Amino acid sequence: HAKSIELTESALSDPSLRCTRGVSYGPLDHQLVDVWTTASSPSPNDSKKKPIVVFLHGGAWDWGYREYVGFCAKNICGDDGDGQAIMLAPTYRIGKGHEQMWPRSRDDIVELLQWVASSSNKNDDGLLDHADPTKIILAGHSAGGHLAACIGLDPLHLRSHGVDPNIIKGLFLVSCPLGICAQDFFVPWSKRRWTWFVLGPVARLIYRRAFLKVLRPVVGSRESSSLESINQIAEDASPLFRVASSTYVEEEDFLSQMPPLVHFSFATKKDFPICRPQAESLKGALHGRAQVEILEMPVDGHFESHFALNDASCEWNLALRKHLSSL
């Protein structure tokens with residue numbers, strides 16, 4: 001991710017942008033956020049509040065820095081009127097090669113949303129004086145996109161922590177898993193009952209032997225956790241499981257509090273093969289309740305879908321700015 005850091009350093013030196021770095025949003029040392037805004041001061045007569053884009057960095061749940069996404073502020077906080085927003089790039093709990101970060105990473109971002117509401121209401125340091133805490137978009141690449149989906153597609157969890165789910169006005173997810181249960185990695189098999197009955201045991205064996213090593217920062221290791229515990233955590237950290245679970249669907253107005261737009265993008269080539277089938281599964285599960293847009297970006301590679309966001313003409317940026325201007 002040296003390229004991400006290089007692009008963000010360029011954004012930091014851009015005179016049209018202002019970045020207040022390392023602002024504490026919680027009591028823990030790692031709970032820091034960079035606040036990106038346009039450098040120009042709003043007109044004294046302009047009382048319109050700006051929407052907020054919370055952009056979560058990737059890093060396979062194990063590593064990463066908020067500086068990985070700072071360069072995205074160039075197109076999110078642009079000084080050309082329509083679509084202008086304030087961008088927050090937070091640090092959250094990661095595995096660091098040996099720790100289990102779930103659910104503490106989710107808790108960090110929920111705490112950030114609580115801080116946004118509190119900071120805006122209390123005029124905390126003036127950082128968010130011109131922000132509208134009722135209009136938030138969650139965005140993220142790779143593991144950051146997964147985390148954004150886990151939060152934005154779980155209105156019950158938000159509500160239980162004092163956050164109104166209706167403040168989430170959209171999700172912009174890039175090259176990320178939407179489910180990490182065994183069946184989520186074998187969507188074509190799991191869609192058909194008899195196919196899954198026959199091939200499910202093979203899929204679950206592959207899942208245990210191969211995928212659990214990658215998922216360790218989320219579900220824990222086989223050495224320290226039982227398979228039952230791992231499966232339960234995987235379900236908890238899988239938006240696809242949540243939106244299809246009868247436990248959630250039967251909850252009053254659960255699906256009605258989903259974000260109005262979920263935009264999912266991924267690289268045309270050399271990206272995670274699960275991107276397209278999982279996005280289609282989510283689109284089917286949310287049919288009639290939320291608009292799901294799926295974008296194949298004309299780039300090759302998982303990281304290239306991230307770097308493409310530096311291009312103002314990228315379809316992702318156009319879609320984001322169109323949605324921002326509609327809020």
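User: In this predicted model, which residues is Q278 in contact with, leaving aside its neighbours within four places in sequence?
Analyst: The model is a predicted one. Q278 is found in helix α11, which covers residues 275-285. Leaving aside neighbours within four places in sequence, the residues in contact with Q278 are P177, L178, G179, D184, V187 and L240.

User: Is Q278 buried or exposed?
Analyst: A residue counts as buried when its relative accessible area is under 20%. The relative accessibility of Q278 is 0%, so the residue counts as buried.

User: How far from a polar atom of the side chain of Q278 does the backbone nitrogen of L178 lie?
Analyst: L178 is among the residues in contact with Q278. Between the backbone nitrogen of L178 and a polar atom of the Q278 side chain, the distance is 2.5 Å.

User: On what does α11 pack, and which strands is α11 touching?
Analyst: An open sheet of 8 strands is present, with mixed pairing and the order β1-β2-β4-β3-β5-β6-β7-β8. Its edge strands, each pairing on one side only, are β1 (17-24) and β8 (291-300). Neighbouring strands are turned by 20° against each other on average, direction ignored. Helix α11 makes an angle of about 165° with the direction of β8, and packs on the sheet by touching β7 and β8.

User: Which residue is the bridge partner of V174 in β7?
Analyst: Strand β6 (residues 168-174) and strand β7 (residues 261-269) run parallel and are joined by 4 bridges. In β7, V174 has as its bridge partner S265.

User: Which residues are linked with R276 in a network of salt bridges?
Analyst: The side chain of R276 meets that of E280 in a salt bridge of 2.8 Å, N to O. R276 also meets E296 in a salt bridge, again with an N to O distance of 2.8 Å. The residues linked with R276 in this network are therefore E280 and E296.

User: How many residues apart in sequence are the parts that R276 and E296 tie together?
Analyst: R276 and E280 are 4 residues apart in helix α11, so about one helical turn separates them. For the other pair, R276 lies in helix α11 and E296 in strand β8, so the parts they tie together are apart in sequence by 20 residues.

User: What relative accessibility does E296 have?
Analyst: Partly exposed residues fall between the limits of 20% and 50%. R276 counts as partly exposed at 32%, and E280 is partly exposed with a relative accessible area of 34%. E296 also counts as partly exposed, at a relative accessibility of 35%.

User: Which residue forms a salt bridge with D34?
Analyst: The count of salt bridges comes to 7. In one of them, the closest N and O atoms are 2.9 Å apart, and the partner of D34 is R66.

User: Where do D34 and R66 lie, and how many residues apart in sequence are the parts they tie together?
Analyst: D34 is buried, with a relative accessible area of 2%, and R66 counts as buried at 13% relative accessibility. D34 lies in strand β2 (residues 32-38), whereas R66 lies in the loop between β3 (50-56) and α2 (73-76), so the pair ties together parts whose separation in sequence is 32 residues.

User: How many disulfides does a search of the whole structure find?
Analyst: A disulfide requires two cysteine sulfur atoms within 2.5 Å. The search of the whole structure finds a number of disulfides equal to 0. For C19, which is in no disulfide, the nearest cysteine sulfur is that of C77, at 9.1 Å. C150 is likewise in no disulfide, and its nearest cysteine sulfur, that of C176, is away by 9.0 Å.

User: What omega does the peptide bond from W102 to P103 have?
Analyst: P103 has its place in the loop between β4 (86-90) and α3 (104-122). The peptide bond from W102 to P103 is cis, and its omega is near 5°.

User: What phi does S175 have?
Analyst: S175 is found in the loop between β6 and α6 (187-190). This residue is buried, with a relative accessible area of 0%. Although S175 is not a glycine, its phi is positive, at about 50°.

User: Is K270 buried or exposed?
Analyst: The loop between β7 and α11 is the place of K270. K270 is not a glycine, yet has a positive phi of about 60°. At a relative accessibility of 70%, K270 counts as exposed.

Conventions
Residues are numbered from 1 along each chain as its sequence is written. This is a predicted model: local features need pLDDT of at least 70, side-chain atom pairs count only at pLDDT 80 or more; totals for chains, interfaces and linings use all residues. Side-chain values use heavy atoms; hydrogens and water are left out. Helices (H or I, at least four residues) and strands (E, at least two) are DSSP runs, numbered from the N terminus. Buried means under 20% relative accessible area, exposed over 50%, partly exposed in between (1.4 Å probe, protein chains only). A polar contact is a pair of N or O atoms within 3.5 Å; within protein, one must be able to donate a hydrogen and the other to accept it, and residues adjacent in sequence count only if both atoms are side-chain atoms. Contact means heavy atoms within 4.5 Å. Two strands pair if DSSP finds at least two bridges between them. Axes are lines fitted to C-alpha atoms, for helices over the stretch in contact, and angles run from 0 to 180 degrees between N-to-C directions. A salt bridge is a side-chain nitrogen of Lys or Arg within 4 Å of a carboxyl oxygen of Asp or Glu.
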